[in-house]
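Please follow this account with the sequence and the model in view. It leads from individual backbone features to a sheet and then to a contact between chains.

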Amino acid sequence: MGRYSIADILLKAAGGNKGWPRVWRDPAPKPEYDVIIVGAGGHGLATAYYLAKEHGIRNVAVLEKGYLGSGNTGRNTTIVRSNYMIDGNTPFYEWSLKLWEGLSHDVNFNVMLSQRGQLNIAHSNAQMDAQRRRGNVMRLHGIEAELLSREEVQEMVPHLDFSPQARFPIYGALLQRRAGTARHDAVAWGLARGADQRGVDIIQHCEVTGFLRQGERIVGVETSRGTIKAPKVGIAVAGNTGHLAAKAGLRLPIESHVLQAFVSEPVKPLLDYVIGWSAAHFYISQSDKGGMVFGGDLDGYNSYAQRGNLPLIEDVASAAKAIMPCVSRLRIVRHWGGVMDMTMDGSPIICKSPIDGLYINGGWCYGGFKATPASGWVFAHTIARDEPHELNASFTLDRFRRGYQIDEKGAGPTPNAH
Amino acid sequence: MSGQRNRLPEGGRIDRNRVLGFSFDGKRYQGVHGDSLASALLANGVRLVGRSFKYHRPRGIVTAGVEEPNALVTLHDDGRREPNTPVTTVELYDSLRAESQNRWPSLAFDVSAVNGLLGPVFSAGFYYKTFMGPRKKSWMFYEPFIRRAAGLGRGTREPDPDRYEKMQAFCDLLVIGAGPAGISAALSAGRAGARVILVDQQAVIGGALLDRPVGAPSDDWLQGAMTELESLDNVEVLTRTTAFGVYDGNVVGLIERVADHMPAPEAHGVRQRYWTVRPQQLVLASGAIERPLVFGNNDLPGVMLASAVRSYLNRQAVLPGKRAVVFTNNDSAYATAMELARAGAQVTLVDPRATVADALQRGLSDAGVELLAGRVVSTAHGRQAVRSIDLGAYDQASGGCETVERQIACDLLCVSGGWSPSLHLHSHLGARPVYDERLAAFLPGPAVPGQRGAGAFEGRFALADCVSSGSAAGLAAAKACGHEGGAPLSAPDVESDAWQTPLLPLWEVPEPAQAKHGKKFVDQQNDVTAKDVAQAHREGYVSVEHLKRYTTLGMATDQGKTANVNALAIMAALRGEAIDRVGTTTFRPPYSGVAIGALTGPEVGREFKPIRRTAMHDWHEANGAVFTEAGPWLRPWYYPKPGEGVDAAYEREAAEVRKSVGIVDVSTLGKIEVQGPDAAEFLNRVYVNGFGKLAVGKARYGLMLRDDGIVMDDGTTTRLSEHHYFMTTTTANAGKVMSYLEFLLQTAWPELKVHVTSATEQWAGIAVAGPRARDLLQAMIGDIDLSNEALPFMGVAEGHAGDIPVRLFRISFSGELAYEINTPSDYGEALWQACVEAGKPLDLALYGTEALGALRIEKGHVAGPELDGRTTLDDLGLERMASTKKPYVGSVLKRREGLVDASRPKLVGLIPEDKSVRLRAGAILCDADKIPSGHGRGHVTSVTYSPALGHWIGLGLLTGGPNRHGELVNAVNALKDETIPVRVTSPHFFDPKGERMYA
Amino acid sequence: MLRITCPYCGARDHSEFLYGGDATLVRPEPGCDDMEVWYDFVFLRDNPRGRHREYWQHVQGCRQWLVVERDTLTHEIFSVEPARAPKKAPVLTGVAAK
C-alpha cells in the first residue's frame with residue numbers, strides 16, 4: 001500500500017510513474033458484513049474510515065450506486081467553516097473543523113485544506129447585531145472570530161463594492177480565520193484510500209434497491225449485485241435520503257431540492273478569502289486552480305435532477321457582480337446542480353432510525369461538505385456503540401416531534417427557505 | 001499587406017482594403033477586415049501564442065473556433081481586461097491589443113518551462129500526494145505559490161465600464177447553428193410560416209460552407225438562402241450569438257456579442273445581450289468538432305486541426321505553412337490537403353488506412369499531394385514550432401508501429417482524428433449520447449421531447465445530408481407548431497463530399513520503440529497526457545468522472561471539446577472494454593464561457609434589486625433624511641441636524657417625541673383588506689387572539705404563529721365594518737403573510753367566504769406620537785372628535801385633514817399618546833407636509849427608524865430581533881394574548897415539549913449596572929457566578945440609549961427570565977473581551993402602566 | 001425554466017410563481033387537537049422521485065394557488081389546476097330560474 005511522500009513521488013517518477021499502486025481495491029461484495037454503509041460520498045466513506053480506525057470495525061462494506069464521490073461531495077463549493085450559532089450546531093461543526101485540520105496527515109492524502117478565512121458580510125445594523133451574536137457564541141465555544149468594521153473589510157478586500165452605488169452597503173463582517181476551503185474530490189479519495197487500507201470494501205456501481213428484514217429488524221440490503229447481509233445498515237446518501245428511507249417504510253422531515261454551483265475561468269489570485277454575503281444568499285471563493293467558485297439559493301422546488309434553471313443563475317450572477325463588480329467580465333465555464341436533503345429546520349439528522357438495525361445520516365441541507373469528517377466520526381460512533389455521541393445527540397429524528405428544532409435561520413418547517 | 005507573409009495574394013472572404021492595425025505582446029502587426037485575431041497572427045507568421053498551464057510549453061493556434069485549447073490571450077486593460085480569450089473567437093478590429101499569458105519574463109523565453117523537465121514529478125494528481133508536511137498546516141505555506149503559478153491570465157480588479165441587457169423572446173422554432181443544416185431548417189420552417197429564430201456564434205451565417213474556397217457553387221446556394229431568410233418577416237437571424245445552455249422546458253439561454261468585435265461598445269450601446277428564448281420546438285444543428293490525434297509533441301505550434309487550416313486558407317487567404325503534412329484517419333482532411341497544395345504548399349498526406357478510395361487518390365495526385373497510406377506520424381519535432389515529423393508504418397492488425405521509416409521536414413502539421421458532433425446542448429437536459437462505431441463518435445441519443453437534430457450534429461457530414469436533414473427537421477418542427485406545408489430545400493450543386501473510405505479509429509498513436517518520444521497530449525490546455533490517463537488507470541481512477549477530476553482532463557475553459565473522446569477511448573483501451581461500456585461524454589452548461597456581467601444584465605449597482613420607496617420618499621430625501629435598507633424598502637433612518645451622526649440624531653428625535661410630538665413614516669407596514677361574511681372566523685383561525693368580538697371601529701393587536709407554534713408575525717387589525725377587517729403586518733413579512741392567507745383560503749378552507757387583498761401600496765401611513773399628538777391632529781383634522789371619549793385608545797375614525805381623506809387609528813408603538821394616520825398613497829406627501837406645517841408651533845420632531853426602535857425598546861415591544869423565527873409566545877411574554885377558547889394556527893404544535901421547556905430563554909429588560917456603559921446587541925447573557933462559555937443563558941436582542949432614562953437599556957432572551965427580575969447577569973461581548981454586568985428587569989422600562997398612551 | 005401553464009393566465013416562467021410544496025398533504029381540521037396528526041402534516045413528506053403533486057401560487061399574476069403535477073426527476077409537467085376546485089354553478093330556484 002505505502003504512504004505518499006515526496007521521496008515516493010521522486011522514486012516513482014524515476015520509474016516512469018509505472019509503480020503507482022491502486023488507491024483502493026475493487027472488491028466483489030461478500031455475502032455478509034458487520035456493517036453496511038450505503039453511499040460512498042464523503043460522509044459514507046468517513047463513516048467507514050472512522051468505524052475501522054476508531055472502533056476497530058473493519059468488516060465493513062460501503063455500497064455506491066455510481067462511482068465514489070459522485071454525489072454532493074464532488075458538487076459543492078468546498079467551503080469549510082464552523083461559524084454556527086445555534087446550540088447543537090456550534091460544537092459539532094467546530095469538531096469537524098478540528099478533524100479537517102488533521103485530515104491530510106491522518107489519511108495521508110492532501111485534501112488541500114486552505115484556511116484562508118471567511119468573511120460573512122453584513123449590510124445593516126441588524127445584520128451586524130446578528131453577526132455579533134454569532135461571533136460571541138463562537139468565542140464562548142473557544143472558536144476564534146473577529147467582528148470587523150467596514151474599513152477593516154475594505155482593507156482586506158478593497159475590490160468589493162464599497163462605492164456609493166452599492167445597493168446594500170457593507171457595514172462590516174464576521175471573520176473566521178480558520179475557515180476556508182478544501183479540495184472536495186480529494187476528501188472522498190483520501191477517505192476511500194484510508195478506509196480501503198484498513199480493510200473496508202468499497203463497492204462501486206452497486207445500487208441498493210431494498211432492505212432485508214428479519215421480523216422488525218433490518219438485517220441487510222438488496223442490491224443490483226445481490227443480497228448483502230449485515231446486522232447494522234447505515235445510510236449516508238444525502239440528496240436521496242427520503243427516497244431510500246421510503247424503501248424502508250420511513251417518511252422523513254426532508255424534501256429534496258436542487259442547489260446550483262458555478263465556476264469561472266481560472267485567473268491569477270483575485271480573492272484571498274471566502275466571502276459570504278447576507279444581502280442576498282451568496283458565497284464566493286477562488287479555487288487553487290484560479291476559478292471563482294460560487295453559489296446562492298436553492299432553485300426552490302422539489303427536485304432530484306442535478307441541474308437548475310436560468311432565474312436562479314441570473315440571481316447568482318447579479319449577486320456576484322453586486323458584491324464584487326470586477327467579476328463582470330469573468331466567464332462562467334461550468335455550472336451544475338446537486339440534490340440537497342432539505343430538512344424542516346435546516347439541520348442534519350444523524351441517529352438510529354425507528355427501525356432496529358437501520359441508522360440514518362442525512363438532511364445535510366447546504367452544510368454537508370464542511371461536516372464530512374465529523375459526520376462520519378459521530379455516525380461511526382452511533383453505529384458502533386448503538387448510541388449517539390454527545391456531539392450528535394441533538395441531531396435526532398424525533399426532535400421535530402418533540403419541538404427541539406435546530407433552526408439556524410429561523411425559517412421554520414419550510415425546507416426551501418433554509 | 002506589409003509583413004503578412006502568410007497571406008495569399010488573392011482569395012478569401014476578407015476586405016483587403018480595410019487594413020487594421022493591432023498589437024500582440026507590444027509588437028505591432030497588420031491584418032484586414034474579415035480576419036480573426038487568430039488568422040491575423042497566422043498571416044503575420046506568429047506561431048507562438050501562449051504557454052501551457054502546467055509545463056509552460058510553447059503553444060500556438062490549433063483550431064478556428066471556440067474549441068481552441070491553447071491560443072488564449074488577454075484583451076484590453078483596466079476595467080475591460082479580459083483574460084483567457086481564445087484568439088480564434090476574436091474578430092479583429094483596429095487598434096486591438098492582446099497580451100500573451102502565463103509566461104515570465106517573455107513568451108519566447110519562459111523560465112517556468114523548466115517544469116517540463118520535471119514532468120514525471122508533476123504527474124497526474126501529484127499534489128494530492130505531497131505538500132502535506134512537515135507540519136499539519138504546511139499546505140498554507142505552499143498554497144500561495146501554487147495559486148500564483150496557476151490561474152492562466154490576470155483578471156481586472158476594476159468595475160466593468162460596459163453595459164449589458166436582457167431580452168425575453170418567444171418563437172415556434174429556435175434553430176441553433178447556421179451552417180447548411182441550420183439554414184435549411186430555418187428556411188424550410190420559415191417558408192411554412194413558423195416564427196423562427198436562427199442563431200450562430202459567428203459573425204456571418206454559413207458555417208462550414210464558408211470554409212470552402214471562394215466561388216464554390218455552395219456560395220451561390222448560401223447567398224440565395226441568406227436573401228430569402230432576410231425576406232421572411234417571420235425569421236429572425238442572430239449572429240455573433242451563442243446558445244450556451246438548454247434548460248427545462250427547452251428554454252435556451254443565448255449570449256449575443258453586440259460589441260465584442262469593436263474596441264468598445266457604441267455610446268449608450270451594450271456590450272452583450274443575454275436572451276432567454278422560449279421556443280415551442282428546438283432544432284440542434286450545432287455541427288461537429290474535429291478531433292486532434294494523440295502523438296508525441298502533438299502540442300507544438302504549427303500542429304493544427306486540418307479543418308482549421310482549411311478555414312484559414314479559404315476564409316482569410318492565410319497559408320499557415322509552406323511545407324505541410326496532413327495526418328488523418330478519415331476522408332475529411334483530404335480537401336484540406338488538396339487546397340493547400342493548390343495554394344502553393346508542398347503537401348504530404350499521411351493516412352493509417354492501408355488503402356483509400358480511388359477518387360481520393362486521384363484528387364491528391366491531381367493536386368500534387370504525396371500520399372503515404374498505411375503510415376502514421378508517431379512524433380513531431382521542433383522547439384518552438386513543428387519542424388519535422390517521424391513517419392512510421394502502421395500495422396492495422398496489431399495497432400502497432402515498429403520503426404521510424406524516415407523524418408519529413410515540415411512547418412505545418414494538419415491533423416484529423418475524426419469528428420465529434422457538438423452534443424453539448426443535447427445533453428444539458430440529461431439525454432445520453434450513444435457511441436457509433438462507424439464514425440468513432442458519440443451521436444445524439446434518444447431526443448428530448450421538442451428537440452430535433454440535423455446535419456453534422458447527427459453525424460451527417462456530407463453537405464447534401466446536412467441540407468436534407470435540416471429541411472426535414474425544420475418542416476417537422478414547424479408542423480409540430482401547427483404550420484403545415486413549406487418546401488424542403490435542394491442541396492447546392494457540388495461534388496459529393498460523402499466519405500468514401502471508412503474512418504479508421506486511431507486514438508493514442510503507437511510509437512516505435514527506438515524513437516525519441518515526446519509528451520502526447522490529450523487535453524492540451526490542462527496539460528494532461530496519455531501517460532497521465534494511464535497512470536490514473538493504474539491507480540484505479542478508472543471511471544470517466546474520476547479520470548477527469550483526478551487529471552483535470554476536460555476541466556479547462558474549453559471544457560475538453562477536443563479532448564474528451566480521445567481520453568475516453570484511451571481509457572477504454574486500458575480497461576480492455578468497448579468505449580460505450582466505459583462511459584459517455586456528458587456536458588454541463590454553458591457551451592462556452594458566459595460573462596457574469598451578461599447574465600446580470602442591467603441589474604447592477606443601485607439596480608441590483610428593485611428599491612421600494614414610500615409616497616413621502618421624495619420629501620424625506622429633499623429634507624435631508626439618511627435612509628436605511630429595510631428589505632427592499634428605503635426608510636428614513638434619521639434626520640440629522642447639522643453635525644449630527646446617527647446616535648446624536650436618534651437620541652434627540654426620541655427625546656423630542658416624548659417631550660412634544662413627532663411623526664414617522666410607517667407606510668411600509670403590510671396592509672391587507674380582509675372582507676367577507678366569514679372574515680371574523682378566518683381571523684380567529686389565523687390569530688392567536690380573538691377577533692370575532694372586536695367591535696366595529698376598533699383596532700386590536702394580533703399575533704400569528706406558524707403551524708409549528710413559533711411566532712410568525714404581529715400587527716394591529718381593525719374592524720371597519722361587520723364583514724371588513726383591515727390587517728397590518730410587519731414590513732418584512734407583508735408578502736409572506738399575504739401569500740399564506742391566500743394559501744389557507746384557497747387550499748385549506750375554501751368554504752370560508754373571505755377575500756383578502758393586499759393594500760400595502762394603496763395606503764400611506766404616518767405615526768404621530770407624543771404628548772401633543774392630539775394637538776397636532778386637532779390643528780389638521782376638523783371632522784373627527786379626537787377626545788378620549790370619542791376616540792379612545794384602539795379607536796378608529798375616518799375624516800379629513802383639509803381635503804385629504806384620512807383614516808385615523810389610535811394605536812401606539814412608542815407608548816405615547818399616538819395615532820396612525822392612513823391616507824390613499826397619492827395624498828401621502830401632502831398629508832406629511834400638512835403634518836409638518838401644523839407641527840411648526842408644536843416643535844414637531846421628524847423621526848426615523850432608529851428613534852422608532854429606541855421608543856419601542858423603552859416600552860419593551862418586540863420586533864424583528866425578538867421575532868426571529870425561533871421564539872414562542874411564552875418566550876416573548878405574550879402567552880396571555882392567546883385565546884384558550886379556540887383553536888388557531890399553531891395552537892397544537894406549540895404545546896410540544898421543546899417549546900414549553902422551562903429552560904427556554906424568555907424576554908427580559910436589561911440595564912447596565914454601570915449606567916455609563918453602552919450595551920451591545922448580540923452579547924451573550926451568562927450567569928454572574930459562572931465563567932462564560934457556550935451559549936450562556938441567552939442573548940441580548942435589542943439595545944438602545946434611552947433618552948427617557950438617560951442610560952443604555954436592552955431587551956434580551958434569558959433562561960428563567962421573568963423569575964429573575966432584579967438579578968445581576970453578565971452581558972458578554974467576547975469579541976471585544978467585554979463583560980458588562982446587567983440588571984434583569986421587566987422589559988417595560990418606560991411608563992410601565994401605560995398612562996401616557998391612554999392620556 | 002419550468003413553464004407552468006396557469007389556468008387563468010397562460011404559460012408562464014416558474015419565476016412568476018411561489019412554490020408551496022407537497023399538495024397531497026391534507027391539513028387537519030382547525031379543531032383537530034391530535035399532536036401526532038399535526039406533526040405528520042407539518043413535518044413529514046413522501047418526497048417522491050417522480051410524480052409529485054405540489055402547490056405553486058401565481059404570485060406575480062392572478063395570485064391563485066395551483067396544483068401542479070410534475071416529475072421531480074425530469075421536470076415534466078403533467079397537469080396544472082386550480083387548488084380551489086371550481087365552485088359548482090349555483091342551482092337557481094324561484095324567480096331567478098325563470
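Asp991(B) lies in the segment that follows β48 of chain B. In this predicted model, the phi angle of Asp991(B) is near 50°, a positive value in a residue that is not glycine. Is Asp991(B) buried, exposed or partly exposed? Asp991(B) has 16 other C-beta atoms within 10 Å and is therefore partly exposed, since a residue counts as exposed at 12 or fewer and as buried at 20 or more.

A positive phi is also found at Asp977(B), a residue other than glycine, with a value near 50°. Asp977(B) belongs to the loop that connects β47 (968-973) with β48 (978-985) of chain B. Because 8 other C-beta atoms lie within 10 Å of it, Asp977(B) is classed as exposed.

Chain B also contains cis peptide bonds that precede proline. One of them runs from Trp104(B) to Pro105(B), with omega near 0°. Pro105(B) is placed in the loop between β7 (96-100) and α2 (139-149) of chain B. The bond from Pro589(B) to Pro590(B) is likewise cis, and its omega is near 0°. Here the loop in question lies between α13 (579-582) and β29 (594-595) of chain B, and it holds Pro590(B).

The next topic is a sheet. Strands of a sheet pair through backbone hydrogen bonds, in either a parallel or an antiparallel manner. In chain B, three strands form an open sheet in the order β19-β20-β21, and their pairing is antiparallel. Its edges are β19 (375-381) and β21 (404-409) of chain B, each of which pairs on one side only. From one strand to the next, the twist averages 30°. Strand β20 (residues 388-393) of chain B is joined to β21(B) by five bridges, and the two run antiparallel. Which residue of β21(B) is the bridge partner of Leu391(B)? That partner is Arg406(B).

The final topic is the contact between chain A and chain C, to which chain C gives 20 residues and chain A gives 22 residues. On the side of chain C that touches chain A, the elements that supply two or more residues are β3 (18-22), α1 (35-43) and β4 (51-57) of chain C. The largest share of that side comes from α1(C), with three residues. By residue class, the side of chain C that touches chain A comprises eight nonpolar, seven polar and five charged residues.

Key
Residues are numbered from 1 along each chain as its sequence is written. Chains are lettered from A and ligands numbered from 1 in the order in which they are written. This is a predicted model: local features need pLDDT of at least 70, side-chain atom pairs count only at pLDDT 80 or more; totals for chains, interfaces and linings use all residues. Two strands pair if DSSP finds at least two bridges between them. Helices (H or I, at least four residues) and strands (E, at least two) are DSSP runs, numbered from the N terminus. Axes are lines fitted to C-alpha atoms, for helices over the stretch in contact, and angles run from 0 to 180 degrees between N-to-C directions. Two residues are in contact if their C-beta atoms, placed from the backbone, lie within 7 Å. Ala, Val, Leu, Ile, Met, Phe, Trp, Tyr, Cys and Pro count as nonpolar, Asp, Glu, Lys and Arg as charged, and the others, Gly among them, as polar.
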